[in-house]
Amino acid sequence: MIKVDNVTVGYGTTAFVKAVDRVNLTINDNEILGIAGESGSGKSTLMRAIYGDFSTGLRIASGTITGRFARNGTGAVTEAESHDFGQLWWDQISYIPQGSMSVLNPLMKVEKQVVDGLPKRERQGNRAELRRRIATFLEGFGLEESVLDAFPHQLSGGMRQRVLVAIAAFVNPRLILADEPTTALDVVVQKKILLMMVEIQRRQRNSLVLVSHDLGVHYQITDRLVVMYQGKIVEAGPTAGIFANPQHEYTQTLIASLPRIDGTRAEARR
Amino acid sequence: MRLLRYIAGRLVVYALVVVFGLTVLFFVPRLGPTDPIEAMLAKVASQGAYMDASQVDALRQSLADTFGLSGSLLEQYWAFIKRILLTGDFGPSLSMYPTPVMELIMNALPWTFGLLLTSTLIAWVLGNFVGLLSGWKPESSSSRVMEGVAICLYPIPYYILALVLSILFSYIWQIFPLTTTIRGAPWSWNLVTSILWNSFLPGASIVIVVFGWWVISVKAQTTALKEEEFVRYARLKGLGDGRILARYVLPNAILPQITFLALQIGLMFNGSLITEILFDYPGLGLLIYTAVLQGDFNLLMGTISLSVIAVATATMVIDLIYPLIDPRIRHR
């Protein structure tokens with residue numbers, strides 16, 4: 001559904017800084033795709049380019065990113081380049097940011113922030129009806145209706161992140177991009193959020209792209225994994241396959257560095 | 001319950017601030033070497049009136065009673081606080097004897113309030129509007145022009161601007177009156193136009209300077225807010241510029257401005273002084289000026305006590321309405 005064709009992305013016009021270097025990637029329908037890599041590997045930049053967010057001075061220097069979206073129900077197909085994805089935001093494509101303290105408007109109740117992003121056709125009409133639908137949707141993921149009346153500062157970090165996942169999923173999009181959604185949360189909460197995202201993907205049968213530096217997260221939920229290093233994709237394939245038999249040296253080091261419960265104890269190097 | 005505690009807390013702080021201010025006001029004049037009673041007696045003696053010693057003592061005693069200067073310091077203090085807080089009585093004015101100080105203040109207060117409140121609010125609304133837009137689109141040429149204008153305006157001391165306006169528009173081009181003369185029957189249209197006419201220049205001198213400051217401060221707010229994650233998130237949700245500005249940037253930018261507004265309204269009592277003197281505007285500032293020049297001790301105490309109370313009240317009122325506009329305070 002999304003085709004990234006030999007794309008080079010970077011910042012700046014006069015002095016162009018390459019962040020993503022000639023990348024090829026396909027995002028299929030009904031899958032969870034993980035993008036792994038260290039800080040500065042280009043994974044967030046690639047995600048922004050796929051989302052079509054060029055507000056930060058991002059520029060596609062060569063190659064194309066194209067999308068093909070079949071609308072739920074009608075099956076009407078929209079084809080577009082990522083430069084024009086803006087009109088599909090919170091309709092066909094949505095986005096889960098890292099749920100830091102300041103990602104929700106501190107002066108707005110959660111309900112309003114859910115409603116705010118919805119396409120016009122959803123926002124018009126009966127507000128009480130809409131609220132009931134949102135509440136039912138949230139309850140499906142163990143969030144009480146009272147969350148809708150809360151201000152962001154009244155929610156815990158985990159709650160806030162789950163709200164962000166819910167806001168992105170409520171519009172029933174074909175593609176959800178999640179940028180480090182579980183970073184800075186403890187593992188118990190992390191697990192809850194990962195399960196919530198898997199649940200949503202299984203129900204909506206759409207595509208979820210998960211960007212994270214945490215291989216453990218990828219291991220738990222992704223179907224397919226892409227490992228980036230210095231702006232290039234160094235390895236791609238089914239997640240289980242990569243973990244069982246990493247080909248690239250960088251991936252091998254990454255996987256070797258994960259603590260194993262059945263591993264042998266090694267002395268710390270002095 | 002929590003809200004009640006918040007309100008009670010604010011009221012206690014308010015009372016403490018007022019009492020503290022009045023206390024300072026009580027002690028500061030007493031630290032000086034001048035004794036108003038002796039000064040008064042000397043004035044009487046210098047005018048050639050002859051009094052024998054017992055008459056002088058009687059006068060001294062009656063003046064001390066009138067001024068609240070009899071008894072020990074503590075008794076005086078207690079009487080002073082009680083008199084002001086309970087009865088609002090500052091005694092008669094000395095320079096306009098026997099008109100009570102309170103009456104003079106009450107005559108002047110509507111003028112000061114009318115002039116300063118109106119001009120401060122106009123400047124606040126205009127300044128925030130312009131600042132918000134120029135912070136939102138800092139690259140556009142109109143924002144740059146507005147910013148330039150604001151930067152030129154805000155460092156000008158308002159009395160200099162008042163003087164310049166007065167010279168330009170009532171001396172060189174005689175459009176507006178040089179000094180304030182209000183004409184017209186009470187509650188008539190003539191009176192209203194006369195007030196507006198006479199208040200225009202003093203008002204403008206305040207609006208123009210304060211406007212520049214609001215533009216600069218709200219512009220800085222807006223520029224910072226634009227980079228906030230929640231604004232970026234709203235943009236990525238596909239919200240249009242108008243909605244982001246109205247619902248995400250404006251409410252967050254305006255919050256601190258409301259606090260500043262309260263402080264401004266409190267401070268405007270001092271700010272009004274020279275403006276009112278320059279334009280001969282019959283407000284509190286002019287009254288304070290008269291009191292200082294004439295050595296009218298009661299009037300001075302009265303006007304200054306009132307500004308202490310006004311500043312404290314303005315701050316308290318803002319503190320009380322703040323929870324209504326900021327949920328983070330309301331639900332703490």
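# Two chains, two kinds of architecture

In chain A, strand E1 (residues 2–11) pairs with E4(A) in the antiparallel sense, and the pairing runs over eight bridges. This is a predicted model, and the points below start from that pairing before turning to the rest of chain A, to chain B, and to the contacts between the chains. The secondary structure of chain A comes to nine helices and 10 strands, whereas that of chain B comes to 13 helices and zero strands.

**The four-stranded sheet of chain A**

- Strand E1 belongs to an open sheet of four strands, whose order is E2-E1-E4-E5 (chain A) and whose pairing is antiparallel.
- Strand E2 (17–27) and strand E5 (77–81) of chain A are at the edges, and because each has a single partner strand, one side of each is left without a neighbour in the sheet.
- From one strand of this sheet to the next, the twist averages 15°.
- As background to these pairings, strands of a sheet pair through backbone hydrogen bonds, and they may do so either parallel or antiparallel.
- Within the pairing of E1 with E4(A), a residue to look for is A:Val4, which stands opposite A:Ile65 in E4(A).
- Strand E4 (residues 58–70) of chain A also pairs with E5(A), again in the antiparallel sense, and here the pairing runs over five bridges.
- Two positions help to trace this second pairing: A:Gly67 has A:Ala80 as its bridge partner in E5(A), and A:Ala70 stands opposite A:Val77 in E5(A).
- E4(A) and E5(A) form a hairpin with six residues between them, and in its turn A:Gly73 has a positive phi of about 85°.

**The six-stranded sheet of chain A**

- Chain A also has an open sheet of six strands, in the order E6-E7-E8-E3-E9-E10, and its pairing is mixed.
- The edges of this sheet are formed by strand E6 (93–96) and strand E10 (232–238) of chain A, each of which pairs on one side only.
- Neighbouring strands in the six-stranded sheet are turned by 15° against each other on average, when direction is ignored.
- At one end of the order, strand E9 (residues 224–229) of chain A pairs with E10(A) in the antiparallel sense over six bridges, and within this pairing the bridge partner of A:Arg224 in E10(A) is A:Pro238.
- Helix H5 (residues 157–170) of chain A lies across E6 and strand E7 (175–179) of chain A, and the helix runs at about 180° to E6(A).

**Chain A as a whole**

- The radius of gyration of chain A is 19 Å, close to the 18 Å that the globule rule gives for 270 residues, so chain A is as compact as a globular protein of that length.
- Taken along the principal axes, the C-alpha atoms of chain A fill a box of roughly 60 × 45 × 35 Å.
- Of the 270 residues in chain A, 40% are buried.
- Among the contacts in chain A with a separation of 6 or more, 65% are between residues 24 or more positions apart.
- An unreviewed UniProt entry lists residues 2–255 of chain A under "domain: ABC transporter"; over this span the chain is 33% helix and 28% strand, and the end C-alpha atoms are 28 Å apart.

**Chain B, built from helices**

- Read from the N terminus on, the elements of chain B run α-α-α-α-α-α-α-α-α-α-α-α-α.
- Chain B has a radius of gyration of 25 Å, while a compact globule of 332 residues would have one near 20 Å.
- The C-alpha atoms of chain B fill a box of roughly 90 × 60 × 40 Å along the principal axes, and buried residues make up 29% of its 332 residues.
- In chain B, residues 24 or more positions apart account for 70% of the contacts with a separation of 6 or more.
- Under "transmembrane region", an unreviewed UniProt entry lists residues 7–28, 111–136, 156–176, 196–216 and 299–322 of chain B.
- Two of these spans can be followed in the model: residues 111–136 of chain B are 100% helix, with end C-alpha atoms 37 Å apart, and residues 196–216 of chain B are 100% helix, with end C-alpha atoms 28 Å apart.

**Where the chains meet**

- Between the two chains, 20 residues of chain A are in contact with 16 residues of chain B.
- On the side of chain A that touches chain B, the residues divide into 10 nonpolar, eight polar and two charged.

How values were computed:
Residues numbered from 1 in each chain as written. Chains lettered and ligands numbered in written order. Predicted model: local features only at pLDDT ≥ 70, side-chain atom pairs only at ≥ 80, totals over all residues. Rg over C-alpha atoms; globule rule 2.2 N^0.38 Å. Buried ≥ 20, exposed ≤ 12 C-beta atoms within 10 Å, placed from the backbone. Contact = placed C-beta atoms within 7 Å. Pairing = 2+ DSSP bridges. Axes fitted to C-alpha atoms, helices over the stretch in contact; angles between N-to-C directions. Nonpolar A, V, L, I, M, F, W, Y, C, P; charged D, E, K, R; others polar. UniProt positions renumbered as here; feature names shortened; annotations may be inferred.
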